[in-house]
Protein chains: 2
Amino acid sequence: MSTLLCVTVDNFLTDEDRAFLAGYDPRAFPPVAVTVDLVVLTVRESELCALLIRRGEPPQRGRWALPGGFVGPDETLDEAAARELAEETGIRPGAHLEQLATFGDPGRDPRMRVVSVAYLALVPDLPMPIAGTDASEAHYRPVAELGGNGAGLAFDHGRILAEGVERARAKLEYTGLATTFLDEPFTVGDLRRVYETVWGVPLHAANFRRKVLSTPGFVEPTGEKLATGRGWAELYRRGTTAHLHPAIPRPPS
Amino acid sequence: MSTLLCVTVDNFLTDEDRAFLAGYDPRAFPPVAVTVDLVVLTVRESELCALLIRRGEPPQRGRWALPGGFVGPDETLDEAAARELAEETGIRPGAHLEQLATFGDPGRDPRMRVVSVAYLALVPDLPMPIAGTDASEAHYRPVAELGGNGAGLAFDHGRILAEGVERARAKLEYTGLATTFLDEPFTVGDLRRVYETVWGVPLHAANFRRKVLSTPGFVEPTGEKLATGRGWAELYRRGTTAHLHPAIPRPPS
DNA sequence: GAAATAGTGTCTATAAGACAATATTGA
DNA sequence: TCAATATTGTCTTATAGACACTATTTC
């Protein structure tokens, strides 16, 4: 194992400088790396899927992990997350990206103290143009196949994924975010299938339709109809309302 | 300004070790400090108040700031937050403490890159036994007096405080957390005043009472009555239900 | 007695949830 | 034809919100 030395060059400091740095001596705390990890969720083929990358490097080599990387010295956390999302999935305008939570247990990464700020992204199901900055595999994998709390993921990524999934499930209730899983235009049936997939429960189609269309700003009609599947269906775009009043009730279990 | 040198002692490394550390050379990213900042909220005299500390050290000296400190090398983030809370307010069993969000904009602290994990604590209004690890002033100050987004606070603490207040307001809707603002036992009127204070709106007393008592697990009756104020009032303890179904409706505006 | 608070009863509007029924298209 | 989906109509139940009223204590 290698050793890290952090040395403060504090010759020629004034008393004011010393006071200024009081409590900020780097020797007082070990080096810490700050990263962003992404929980990128999408809905494909009636399954809620997360973007995972198979690790090609030693710690946890071969296991699936969340995409992520270091926060650059001049980046905000949001910018670092947006950059990683663009690198991993290609830029998707309209994709939703929000901070999820921060994970910093000592020992969560065997190499050093790593504090990871997790972000949640909700993206439509598009053919994946992963550029693969490193040559590692990247796939959307159904979260249901990953077992309880994403067991089997590298590091503590199973827990991070579980929190991201729960956040997404909760936010569908009281925001219009479900539309960010869909390409425009979409039908009310498409939107209902997003809810059913993310929540894992069947919804009453007639009541769901009434609820969505009676919520101002949730979806906007395009005036066109799509004659695919059985029957025809009216087409909609995303609305502008972020908060739903009242919420879409989430059935128990 | 002093200079920080971080040197990796990488003589005698095997190829495996070098691969292990690939991408983790500390020279690849500047030193980062990780801290926890606390948004400690309480309700006193019909005002929502936050615990603030007047800075006694140069950057932003004399301005009000959130309590906080460094994350120790062997602490989890939660442990660091709990330690800081105990140091600043004295240990309060039953106090609610949850991670709020992480703030890491470059330049948010003029000394160095500081990534701060903010926590939200909801505590009852008790005589404050602040031990004051440093000799700085600490006070509960009404958030309404701090102006929009806590203008005037040091660093970006105004924004952090605003997010904490908004989180608290939102959580009163769908959790039983309002009870953590109260000492036990309490009356339904006490609980209603917590809602009215945090939300800043008057609530219908009769409907509120019905709502609270009809929500299983929100509060538990003690069987005793308190003959203070006008009339008598039944006394309750905190219930065990974390999630309210259905939520306590929050009036608009 | 007046004022303030606790507590009960009741009514209305709204929304959720369930069921029925029709229309349209693909197999 | 049948099966599947979209869409509309209607009914029941639960709940929010409003108002009226009583009881009890302090001033």
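Into which domains is chain A divided? Chain A splits into domain 1 (30–170) and domain 2 (175–238), with bounds from an automatic or database domain assignment.

A word on the basics, everyone. This is a predicted model, where local features need pLDDT of at least 70 and side-chain atom pairs count only at pLDDT 80 or more, while totals for chains, interfaces and linings use all residues. Residues are numbered from 1 along each chain as its sequence is written, and chains are lettered from A and ligands numbered from 1 in the order in which they are written.

Back to our domains: in chain A, the C-alpha centres of domain 1 and domain 2 are 28 Å apart. Their contact takes twelve residues from domain 1 of chain A and ten residues from domain 2 of chain A, contact being C-beta atoms, placed from the backbone, within 7 Å.

Now, two helices (DSSP runs of H or I, at least four residues, numbered from the N terminus). In chain A, the axes of α3 (residues 157–174) and α4 (residues 188–199) come within 10 Å and cross at roughly 140 degrees; axes are lines fitted to C-alpha atoms over the stretch in contact, with angles from 0 to 180 degrees between N-to-C directions. So α3(A) and α4(A) are oblique to each other, that is, not under 35 degrees, not over 145 and not 65 to 115. Here A168(A), R169(A) and L172(A) of α3(A) meet Y195(A), V198(A) and W199(A) of α4(A).

Lastly, the DNA. Around strand C there are 21 residues, with G231(A), G189(B), A206(B), R230(B) and E234(B) coming nearest; near means a C-beta atom, placed from the backbone, within 6 Å.

Notes
Contact = placed C-beta atoms within 7 Å.
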